[in-house]
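This report describes selected side-chain environments and one helix pair. The structure is shown first, and the description follows.

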Amino acid sequence: MTSTHSAPEPKIDIVQFRDLLERLHPFAAVLGIDVVHIGHDNACLRLPERNAHQRMGGMVAGPMLMGLADLALYAAVVGATGNPDAVTSSLTINFLRKAPPGDILAHARIHKTGRTCAGDVLLEPANGGPAVAQVISTWSLPRAK
């Protein structure tokens with residue numbers, strides 16, 4: 001038997017999210033992250049290859065990966081809740097292996113929504129290969145004004 005239920009529509013689309021970042025979070029432009037997809041409870045963002053994102057040895061620096069993961073989760077949270085005032089409560093990153101030069105994809109998923117949200121992100125090279133980091137995060141959702 002097949003299900004006829006479709007996934008709920010995201011509360012924000014890519015164009016609206018980019019506008020939100022430009023208006024409220026201009027610091028996000030520093031990394032040059034591309035928003036690939038926003039779903040109801042998920043998002044995919046891409047950190048482009050840049051020399052400024054690398055540390056000695058050519059690997060992508062940890063702070064760049066953390067910024068990518070945080071922004072991917074923000075996109076997923078806003079996609080699920082429509083609340084642009086969401087703020088990170090906690091973020092734990094597990095570096096699994098060095099991130100090779102090249103674009104990095106962040107696949108974010110939200111597992112719980114309510115007054116707080118909880119989710120995770122898997123970071124992997126865009127050209128394929130094993131994941132380079134895994135992130136778990138919680139978010140606080142301020143009440144509507």
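## Side-chain contacts and helix packing

A polar atom in the side chain of histidine 53 lies 3.2 Å from the backbone oxygen of leucine 31. The model in which this distance was computed is a predicted one. Histidine 53 sits in the loop that runs between β2 (42-47) and α2 (62-81). Its relative accessibility is 4%, and because buried means under 20%, histidine 53 counts as buried. Beyond residues up to four places away in sequence, histidine 53 touches Leu31, Leu47, Pro48, Met59, Val60, Ala61 and Met64. Leu31 is thus among the residues touched by histidine 53, and the backbone oxygen of leucine 31 is the atom 3.2 Å from the polar side-chain atom.

Serine 137 belongs to strand β6 (residues 133-140). Serine 137 has a relative accessible area of 1% and is therefore buried. The side chain of serine 137 is joined to that of tryptophan 139 by a polar contact of 3.1 Å. With neighbours within four places in sequence left aside, the contacts of serine 137 are Leu73, Thr88, Ser90, Leu91, Cys117, Ala118 and Gly119.

The two buried polar residues are set out below.

| Residue | Location | Relative accessibility | Polar partner and distance |
|---|---|---|---|
| Histidine 53 | loop between β2 and α2 | 4% | backbone oxygen of leucine 31, 3.2 Å |
| Serine 137 | strand β6 | 1% | side chain of tryptophan 139, 3.1 Å |

Aromatic rings form two pairs in the structure. In one of them, phenylalanine 17 and tyrosine 74 have ring centres 5.7 Å apart and planes at 45 degrees, so this pair is tilted. Phenylalanine 17 is in helix α1 (residues 14-24) and tyrosine 74 is in helix α2, so the pair ties together parts that are 57 residues apart in sequence. Both phenylalanine 17 and tyrosine 74 are buried. Together with Trp139, Phe17 and Tyr74 form one aromatic cluster. Trp139 also makes the polar contact with serine 137.

How do the axes of α1 and α2 cross, and within what distance do they come? They cross at roughly 120 degrees and come within 11 Å. The two helices, α1 and α2, are therefore oblique to each other. The crossing of α1 and α2 is right-handed. On the α1 side, the contact is made by Phe17, Leu20 and Leu21, and on the α2 side by Leu71, Tyr74, Ala75 and Val78. Phe17 and Tyr74, the residues of the tilted pair, are among those that make this helix contact.

Terms used:
Residues numbered from 1 in each chain as written. Predicted model: local features only at pLDDT ≥ 70, side-chain atom pairs only at ≥ 80, totals over all residues. Heavy atoms only, no water. Buried < 20%, exposed > 50% of the residue type's maximum accessible area, 1.4 Å probe, protein only. Polar contact = N/O pair within 3.5 Å; in protein donor to acceptor, adjacent residues only side chain to side chain. Contact = heavy atoms within 4.5 Å. Phe/Tyr/Trp six-rings, centres within 6.5 Å; stacked < 30°, edge-to-face > 60°. Axes fitted to C-alpha atoms, helices over the stretch in contact; angles between N-to-C directions. Parallel < 35°, antiparallel > 145°, perpendicular 65-115°, else oblique. Left-handed = near helix turned anticlockwise from the far one by under 90°.
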